[in-house]
Amino acid sequence: MNISKRILESSKTKPGSFKRIFAFSTKPNLKEPPTPQLKLKQQNVPSCVEGRKSVIPSNYRFIYPEFLPDPKVEWRNTVREKLERMDMLDRRTKIDIPEFYVGSILAVTSSDPHAAGKVSRFVGICIHRDRCGLRARFILRNVIDHQGVEVRYEMYDPTIHKIEVLRLEKRLDDHLLYLRDALPEYSTIDLNMEPEYLEEGAEIPINDIKVILRPRPWLERWERQDLQGVANVQQYITDKQRRQALAHEKPWEKYDIMKQYRGTIPEEEQKEIFAEVYSQLHQLEIQRKRNKRKRSFVKPNKLA
């Protein structure tokens with residue numbers, strides 16, 4: 001009674017003051033111990049819901065790098081990225097886009113209005129992969145009739161009919177653009193090459209071959225790049241060029257955490273993206289394994 005009397009007296013003495021409203025929350029206090037009913041609900045929650053994100057393989061960011069958006073903040077758009085992922089999954093249901101890396105040998109069949117039969121097939125080694133989303137692309141290189149030929153394909157181009165992996169392997173570098181200045185035998189691929197199949201679950205082999213470059217001039221200053229797959233870069237450069245290469249080195253960049261953060265997508269965001277597309281990608285992988293078993297099965301001849 002004393003408290004209510006005090007509130008009434010204060011409201012009478014201050015005519016221009018506002019009445020104080022006390023709001024009481026109906027939510028349970030987190031610090032309080034849970035009730036028996038809440039404990040039963042927590043026990044009935046399936047464990048697969050809690051560990052759903054852990055089901056996603058950790059190597060998805062290497063197998064499907066185009067599903068990760070561009071790390072530049074000014075180019076990010078979550079709505080566009082989500083729509084692109086839906087279109088990419090829809091395109092993957094139409095054609096099989098297999099797993100491949102820089103250094104793998106591919107055969108791409110695409111529509112060509114100037115070719116016989118309106119279809120052309122090009123076989124080459126993948127020397128570069130870049131961009132993300134629907135703009136993801138790769139470059140194939142081959143030496144045909146002593147002439148280097150390169151074709152750049154858009155991975156989700158609707159004119160592509162088929163993408164085959166003839167040899168699945170990796171190289172020591174992130175790109176093989178220096179094959180343009182290397183000897184032609186390192187880029188020569190047989191157009192009638194038969195596919196080489198790896199065992200299911202086998203580790204991707206790494207080809208540690210070191211190519212030999214031709215004498216200068218080169219298309220780029222390869223001595224300024226930390227290339228592991230080139231054997232004779234130092235053979236064709238002068239002392240002045242060697243000093244310039246040392247001056248352009250930036251050994252501190254591998255310790256620059258902020259540069260690495262700006263150039264990559266956070267792991268939490270990667271898990272959210274792949275959790276969104278995991279179910280459909282997993283079904284496509286199962287269908288690809290079934291087709292692979294059908295190709296490897298040889299029907300025995302009927303005995304007389």
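Colleague: Buried means under 20% relative accessible area, exposed means over 50%, and partly exposed is whatever falls in between. With that settled, and keeping in mind that this is a predicted model, is E253 buried, partly exposed or exposed?

Modeller: The relative accessible area of E253 is 27%. That value sits between the 20% and 50% cut-offs, so E253 counts as partly exposed.

Colleague: Which residue does E253 form a salt bridge with?

Modeller: Side chains of opposite charge can pair when their charged atoms come close. For E253, the closest N and O atoms of the pair are 2.9 Å apart, inside the 4 Å limit for a salt bridge. The partner, at 40% relative accessibility, is partly exposed. The salt bridge of E253 is with K259.

Colleague: How many salt bridges does the structure hold?

Modeller: The E253 and K259 pair is one salt bridge, and there's also a network in which salt bridges with shared partners join E66, R92 and R129. For the structure, the number of salt bridges is 21.

Colleague: R180 and E150 form a salt bridge; how many residues apart in sequence are the parts that the pair ties together?

Modeller: R180 lies in the loop between β5 (160-167) and α6 (239-247), while E150 is in strand β4 (residues 147-154). Their closest N and O atoms are 2.9 Å apart. R180 counts as partly exposed because its relative accessibility is 26%, and E150, at 31%, is partly exposed too. In sequence, the parts tied together by this pair are apart by 30 residues.

Colleague: What about the salt bridge between D239 and R242: what separates those two along helix α6?

Modeller: The closest N and O atoms of D239 and R242 are 2.9 Å apart. D239 counts as exposed because its relative accessibility is 53%, whereas R242 is partly exposed at 28%. Being 3 residues apart in helix α6, D239 and R242 are separated by about one helical turn.

Colleague: On to the aromatics: a search of the whole structure finds 8 aromatic pairs. Is the Y60 and Y64 pair stacked or edge-to-face?

Modeller: Both Y60 and Y64 are buried. Their ring centres lie 5.1 Å apart, inside the 6.5 Å cut-off for a pair. The planes meet at 75°, and anything over 60 degrees goes into one class, so the pair is edge-to-face.

Colleague: Y60 also pairs with Y278; how far apart along the chain are they?

Modeller: That pair is tilted, with 6.0 Å from centre to centre and 45° between the planes. Y60 belongs to helix α4 (residues 60-63) and Y278 to helix α8 (residues 267-296). Y60 and Y278 are both buried. The pair links distant parts of the chain, with a separation of 218 residues.

Colleague: Which residues do ring pairs link into a cluster with Y60?

Modeller: We've already met Y64 and Y278 as ring partners of Y60. Ring pairs bring in two phenylalanines as well, and the cluster linked with Y60 is made of Y64, F67, F274 and Y278.

Colleague: Which residue lies over the face of F100?

Modeller: There are charges over rings here: K170, for one, lies over the face of Y101, at 4.7 Å from the ring centre. At F100 the distance to the ring centre is 4.3 Å, within the 6 Å cut-off. The residue over the face of F100 also takes part in the salt-bridge network with E66 and R92: R129.

Colleague: V79, L83 and M86 make a nonpolar surface patch. What is its area?

Modeller: Take L83, in helix α5 (residues 78-94). It counts as partly exposed because its relative accessibility is 48%, and that clears the 30% needed for a patch residue. Together, V79, L83 and M86 make a patch of about 300 Å².

Colleague: Now the backbone. What is omega for the cis peptide bond that joins R216 and P217?

Modeller: P217 lies in the loop between β5 and α6. The peptide bond from R216 to P217 is cis, with omega at about 10°.

Colleague: And H146, in the loop between β3 and β4: what is its phi?

Modeller: H146 is exposed, since its relative accessible area is 82%. Its phi is positive although the residue isn't glycine. R131, in the loop between β2 (119-130) and β3 (137-144), likewise has a positive phi near 65°. For H146, phi is near 65°.

Key:
Residues numbered from 1 in each chain as written. Predicted model: local features only at pLDDT ≥ 70, side-chain atom pairs only at ≥ 80, totals over all residues. Heavy atoms only, no water. Phe/Tyr/Trp six-rings, centres within 6.5 Å; stacked < 30°, edge-to-face > 60°. Buried < 20%, exposed > 50% of the residue type's maximum accessible area, 1.4 Å probe, protein only. Helix = DSSP H or I, 4+ residues; strand = E, 2+ residues; numbered from the N terminus. Lys NZ or Arg CZ within 6 Å of the ring centre and 35° of its normal. Patch = residues over 30% accessible without salt bridge, like charges linked within 9 Å, V, L, I, M, F, W, Y side chains within 5 Å. Areas by Shrake-Rupley, 256 points an atom, 1.4 Å probe, with all protein chains shown as cover. Salt bridge = Lys/Arg side-chain N within 4 Å of Asp/Glu carboxyl O.
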